[in-house]
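User: Please take a close look at one helix in this model and what surrounds it. I am a first-year student, so keep the steps plain.

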Amino acid sequence: MIQVIKCTSKPCINGYPSSKLECPTCHKLGIPGSFFCGQECFKANWKSHKVIHTIAKAPLPSFNEGEEGSFDPWPDFRYTGTLRAMYPLSPKRAVPKRINKPDYAKDGVPKSEALEPYNSIRILNKKQQERMRVVCKMGREILDLAGLHVKPGVTTDEIDEIVHNAIIERNAYPSPMNYREYPKSICTSINEVICHGIPDKRKLREGDILNIDVSVYYDGYHADLNATYPVGKIDDESKMLIRTTRKCLDEAIKVCKPGALFRDIGKAIEPVAHANGCSVVHTFVGHGVHDLFHGNPNIPHYAKNRAVGTMKPGMTFTIEPMINLGVYGKEVCWPDAWTVATADGKRSAQFEETLLITETGVEVLTAGAPLDI
Ligand SMILES: [Zn+2]
Ligand SMILES: [Zn+2]
């Protein structure tokens, strides 16, 4: 006979009124909502219940194959989707002495960014704009090169190495390296990862989607751009997500010209995402980019935002919408303190360009070929 203990806490998984007794193994594994009404109920259901533990503990080799000897560094972490980190990370890559470095390269602290007055937006003169053109062209060349290596079996660490070497060869510095102590030269965000994924030993798998974010520092100026690539054949939903995200960015770029408001960028993006059943990430924004990697203004990608500022000729900034297949919910950060994943484990895509406001409109400094999927 199952004894029902009434209490005022959570409902019992067996449908009895309520209970305070949580399965201790579920608690340890981070499985939510495993409450029982009492010890008898717990014992009577133990056989069927413990299957949950086995499923939660099982590795997912079919989704996550790493290089030999690699492992998931956080087996007890409650990932939101099927993707797993694959460590160890490769050793820090070297940057030759001759290369001109940003102020955070040594200690990880972007000091000049902190000195920026609140809400002041840089206006670049013709000489500075020309330097932005040069570094942004370089950034595009490097991102396109990285894209050529996206195929099943390749690890994101291998792509990081290719990009790192390509940047060094051009006497430039990979902007993400050691920025607030980020460990690698690019960000690689797979499937449910929204942004800031760290290149590791996981092999790309047919059907994945991968965002590669490349930022380069050359002759005192940063370029910042990214794109989402299919890994081999991908399903129709993922294709739709990638096309929608690119369209969101293209519509946002159309808004840009002297006199336009930064807050109207999100107004152009959100309807495109919603029309396709997707949602817009709120937490991460576009930003000024020039001699600072991240400067004013902040550019939200959602509608009804309170971004400050009017576009003027000579301003350079990014637009970089992150669009989710699922409804918008609070993101989950991995224990590496960088990788940000969707709360529901559904996929997310992103595109980013660096733009210059001209006298008559906008110039996409990092422009590449049109999307082809
Ligand atoms: Zn970027
Ligand atoms: Zn950016």
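Analyst: What follows goes from the whole chain to one helix, then to the strands around that helix and elsewhere.

The model is predicted. Its average pLDDT is 92, and 92% of the residues score at least 70. Residues 1-8 have a pLDDT below 50, and in the model this stretch has 18 contacts beyond near neighbours in sequence. The position of that stretch is not used below.

The chain has 8 helices and 17 strands. Its radius of gyration is 23 Å, which agrees with the value near 21 Å that a compact globule of 373 residues would have. Along the principal axes, the C-alpha atoms fill a box of roughly 85 × 45 × 40 Å. Of the 373 residues, 42% count as buried. Among contacts with a separation of 6 or more, 67% are between residues 24 or more positions apart.

The part to look at closely is helix H8, which covers residues 264-275. Which residues of H8 are buried? They are Ile265, Gly266, Ala268, Ile269, Glu270, Val272 and Ala273. To read this list, one rule about helices helps. An α-helix has 3.6 residues a turn, so residues three or four places apart point the same way. With that rule in mind, the reader can follow Ile265, Ala268, Ile269, Val272 and Ala273, which are among the buried residues of H8. Glu270 is on the list of buried residues as well.

What do the buried residues of H8 pack against? One partner is a helix, H7 (236-255). The others are strands: S8 (279-280), S10 (295-299), S11 (316-319) and S12 (322-324). After H8 comes Gly277, with a positive phi near 75 degrees.

Two of the strands that H8 packs against, S8 and S12, belong to an open sheet of 3 strands with the order S8-S12-S15 and antiparallel pairing. S8 and S15 (348-350) are the edge strands, and each pairs on one side only. S12 and S15 run antiparallel and are joined by 3 bridges. Within this pairing, Met322 stands opposite Gln350 in S15.

Other sheets can be read in the same manner. S5, S14 and S13 form an open sheet of 3 strands in the order S5-S14-S13, with antiparallel pairing. Its edge strands are S5 (193-195) and S13 (332-333), and each pairs on one side only. Between S5 and S14 (residues 340-341), which run antiparallel, there are 2 bridges. Val340 in S14 is the bridge partner of Cys195.

Strand S4 (residues 187-190) gives a contrast to the helix in how side chains are arranged. Cys187 and Ser189 point one way from S4, Thr188 and Ile190 point the other way, and all are buried. S4 is joined by 4 bridges to S6 (residues 209-218), and the two run antiparallel. Here Ser189 has Asn211 in S6 as its bridge partner.

The last step is the nonpolar core. The largest one has 75 residues, of which Ile142, Ile212, Val214 and Val216 touch the most other members. Leaving out residues up to four places away in sequence, Val216 touches Val135, Met138, Gly139, Ile142, Ile167, Ala172, Pro174, Ser175, His222 and Ala223. Another core, of 7 residues, lies apart from the largest one and includes Cys12, Phe36, Cys37 and Phe42.

Notes. Residues are numbered from 1 along each chain as its sequence is written. Chains are lettered from A and ligands numbered from 1 in the order in which they are written. This is a predicted model: local features need pLDDT of at least 70, side-chain atom pairs count only at pLDDT 80 or more; totals for chains, interfaces and linings use all residues. pLDDT is the predictor's confidence in each residue, from 0 to 100. Two residues are in contact if their C-beta atoms, placed from the backbone, lie within 7 Å. The radius of gyration is taken over C-alpha atoms; the globule rule is 2.2 Å times the number of residues to the power 0.38. A residue is buried if 20 or more other C-beta atoms lie within 10 Å of its own, exposed if 12 or fewer, and partly exposed in between; C-beta atoms are placed from the backbone. A nonpolar core is a set of buried Ala, Val, Leu, Ile, Met, Phe, Trp, Tyr and Cys residues joined through C-beta atoms within 7 Å. Two strands pair if DSSP finds at least two bridges between them.
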